[in-house]
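Trainee: Walk me through the labels used for this model, please. I want to see how each one is earned.

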Amino acid sequence: MPPVEEVPLGKLPEGVIEAASKDLAEYCVGFVRVEDTPRGQDAVLLGSGTLVSIGSVRAVLTAHHVVSILPTNGRLGLILGPTLHQHTVDTQGVTYLRIARGSIDADGPDLGAVVFAPSIGSAIAARKTFYNLELRREPLLNSPPDLHDGFWFVNGF
């Protein structure tokens, strides 16, 4: 099997980067904490994740270390797209799942999820796309795509 080749982003054609960025942005969400500062409110980036669904459950698949720093009361800020409009959800409408965390950060695993109440999930689904894990479960488990097939991008904030 030939080795997997890593190509710096700057070496890819601009059209490929634009298309991939547009596709990835549909499923991506950022987490922020809104803080009051002497100059007004400021958003502090806490992490990011991928919008996923299984059946009627909608969630963000993220890192365990991100889930550990998200606010447990008040409001959780979300980055849903390039806008100045502030999006927040009440933390009472989310459940934080700490799925797996290894003892050595570099070795992983580092997996968590933010599960939305149905009303919050539906409101986000009106603006963004949730990647349907249930629909793709069998094909991915039984015949996962080869690393040599197409482009693979790492995405996150």
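Mentor: Start with G30: its bridge partner in strand 4 is I79. The model is predicted: local features need pLDDT of at least 70, side-chain atom pairs count only at pLDDT 80 or more, and totals for chains, interfaces and linings use all residues. Residues are numbered from 1 along each chain as its sequence is written, and side-chain values use heavy atoms, with hydrogens and water left out.

Trainee: How do you know that strand 1 is joined to strand 4?

Mentor: Count the bridges: 3 of them join strand 1 (residues 28-37) to strand 4 (residues 75-79). Pairing takes at least two DSSP bridges, so these strands qualify. They run antiparallel. Strands are DSSP runs of E with at least two residues, and helices are runs of H or I with at least four, both numbered from the N terminus.

Trainee: Which sense do strand 4 and strand 5 pair in?

Mentor: Antiparallel, over 4 bridges. L76 stands opposite V89 in strand 5. H87 is also in strand 5 (residues 87-90).

Trainee: Why is H87 called buried?

Mentor: Its relative accessible area is 14%. Buried means under 20%, exposed over 50%, partly exposed in between (1.4 Å probe, protein chains only), so H87 is buried. Beyond neighbours within four places in sequence, H87 is in contact (heavy atoms within 4.5 Å) with L76, G77, L78, L80 and R127.

Trainee: What joins strand 1 to strand 2?

Mentor: 10 bridges, in the antiparallel sense. F31 has G47 as its partner in strand 2. The two strands form a hairpin with 2 residues between them.

Trainee: How many aromatic pairs does a search of the whole structure find?

Mentor: It finds 1.

Trainee: Why is the pair of Y27 and Y131 called edge-to-face?

Mentor: The ring centres are 5.6 Å apart and the planes meet at 75°. Rings of Phe, Tyr and Trp (its six-membered ring) pair if their centres lie within 6.5 Å; planes under 30 degrees apart are stacked, over 60 edge-to-face, the rest tilted. Both values fit, so the label is edge-to-face. Y27 is in helix 1 (residues 14-27) and Y131 in strand 8 (residues 131-132), so the pair ties together parts 104 residues apart in sequence. Y27 at 25% and Y131 at 27% are each partly exposed.

Trainee: What makes R136 count as a charge over the ring of Y131?

Mentor: R136 lies over the face of Y131, at 4.0 Å from the ring centre. The rule asks for NZ of Lys or CZ of Arg within 6 Å of the centre and within 35 degrees of the ring normal. The charged end of R58 sits over F130 as well, at 5.5 Å from its ring centre.

Trainee: Is F130 buried or exposed?

Mentor: Buried, at 11% relative accessibility. F130 lies in the loop between helix 3 (118-125) and strand 8. Its contacts over four places away in sequence include Y27, R58 and F116.

Trainee: What makes the largest pocket a pocket?

Mentor: On a 1 Å grid over the protein atoms alone, a pocket is an open set with protein on both sides within 12 Å along at least five of seven lines; a cavity is a set where a 1.4 Å probe fits but cannot get out. The largest pocket holds about 810 Å³, the space filled by probe spheres on points joined across faces, edges and corners. Its lining has 20 residues, each with an atom within 4 Å of a point. L24, T50, Y131, W152 and F153 lie nearest the centre. Helix 1 gives the largest share, 5 residues.
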